[in-house]
Amino acid sequence: YTDIGLNFSDRTGTFATGFALGGVNLHGRAQITDRIDAMAELVFEMTPDRAPVARMSRLFARYHLHRAANLRLGRFFSPIGYFVTSHAAAAARNAHT
């Protein structure tokens, strides 16, 4: 997903419009075997001084132990497995509501 904005400006006496790209999130999931799958989320953003930055937001592998149990290892938003509202994407969504 991405964050796209439309800007309107009348500072110079002439009406101007423009689009702004806030960031791009790429999600990928792969089924490696019938018991192992993996997920990755790569985020592309611009710093305040307009330098592009790419960071790995989430990256984990999951092993299906049993019908009722999975083992996941990797980088997550939270250590327990629930979506934290202090995460940047959730904070941005909550700010607009």
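**Group meeting: salt bridges and strand pairing in a predicted model**

I shall begin with one pair of side chains: Arg29 and Asp37 form a salt bridge, and their closest N and O atoms are 3.5 Å apart. A salt bridge here is a side-chain nitrogen of Lys or Arg within 4 Å of a carboxyl oxygen of Asp or Glu.

Before going further, a word on the basis of these values. The model is predicted, so local features need pLDDT of at least 70 and side-chain atom pairs count only at pLDDT 80 or more, while totals for chains, interfaces and linings use all residues. Residues are numbered from 1 along each chain as its sequence is written, and side-chain values use heavy atoms, with hydrogens and water left out.

Now the overall layout. The protein chain holds one helix and five strands, and from the N terminus the order is β-β-β-β-β-α. Helices (H or I, at least four residues) and strands (E, at least two) are DSSP runs, numbered from the N terminus. Of the 97 residues in the chain, 14% are buried. Buried means under 20% relative accessible area, exposed means over 50%, and partly exposed lies in between, with a 1.4 Å probe and protein chains only. The chain exposes about 7,700 Å², and carbon and sulfur atoms supply 60% of that area. Accessible areas come from the Shrake-Rupley method with a 1.4 Å probe; for residues, only the protein chains shown count as cover. Among contacts with a separation of 6 or more, 15% are between residues 24 or more positions apart. Contact means heavy atoms within 4.5 Å.

Let me return to Asp37, which is in strand β3, residues 36-46. Is Asp37 buried or exposed? With a relative accessibility of 5%, Asp37 counts as buried. Its partner Arg29, at 53%, counts as exposed. The side chains of Asp37 and Arg29 are also joined by a polar contact of 3.5 Å. A polar contact is a pair of N or O atoms within 3.5 Å; within protein, one must be able to donate a hydrogen and the other to accept it, and residues adjacent in sequence count only if both atoms are side-chain atoms.

Asp37 has a second salt bridge, with the side chain of Arg62, at 2.8 Å from N to O. That pair links distant parts of the chain, Arg62 in strand β4 and Asp37 in strand β3, 25 residues apart. Arg29, Asp37 and Arg62 are thus linked in a network of salt bridges. Beyond its neighbours within four places in sequence, Asp37 is in contact with several residues, including Ile32, Phe60 and His64.

How many salt bridges does the structure hold? There are four. Another of them joins Arg55 and Glu45, with the closest N and O atoms 3.3 Å apart. Here Arg55 is in strand β4 and Glu45 in strand β3, ten residues apart. Arg55 is partly exposed, with a relative accessible area of 31%, and Glu45 is partly exposed, with a relative accessible area of 31%.

Next, the strand pairing. β3 and strand β4, residues 52-66, pair in the antiparallel sense over eleven bridges; two strands pair if DSSP finds at least two bridges between them. Met46 stands opposite Pro52, and Ala38 stands opposite Ala61. The hairpin of β3 and β4 has five residues between the strands, and Arg50 there takes a positive phi near 70 degrees.

On to the following hairpin: β4 and β5 have two residues between them and pair in the antiparallel sense over seven bridges. In β5, Asn70 is the bridge partner of His64. Ala61, in strand β4, is in contact with residues that include Ala38, Leu71 and Leu73. The C-alpha atoms of Ala61 and Leu71 are separated by 8.3 Å, ten residues apart along the chain.

Finally, the surface. Tyr63, Leu65, Leu71 and Leu73 form a nonpolar patch with about 380 Å² of accessible area together. The elements giving two or more residues to that patch are β4 and β5 (69-75). Patches are made of residues with over 30% relative accessible area and no salt bridge: like charges are joined within 9 Å, and nonpolar side chains (Val, Leu, Ile, Met, Phe, Trp, Tyr) within 5 Å. Leu71, in strand β5, is partly exposed, with a relative accessible area of 42%.
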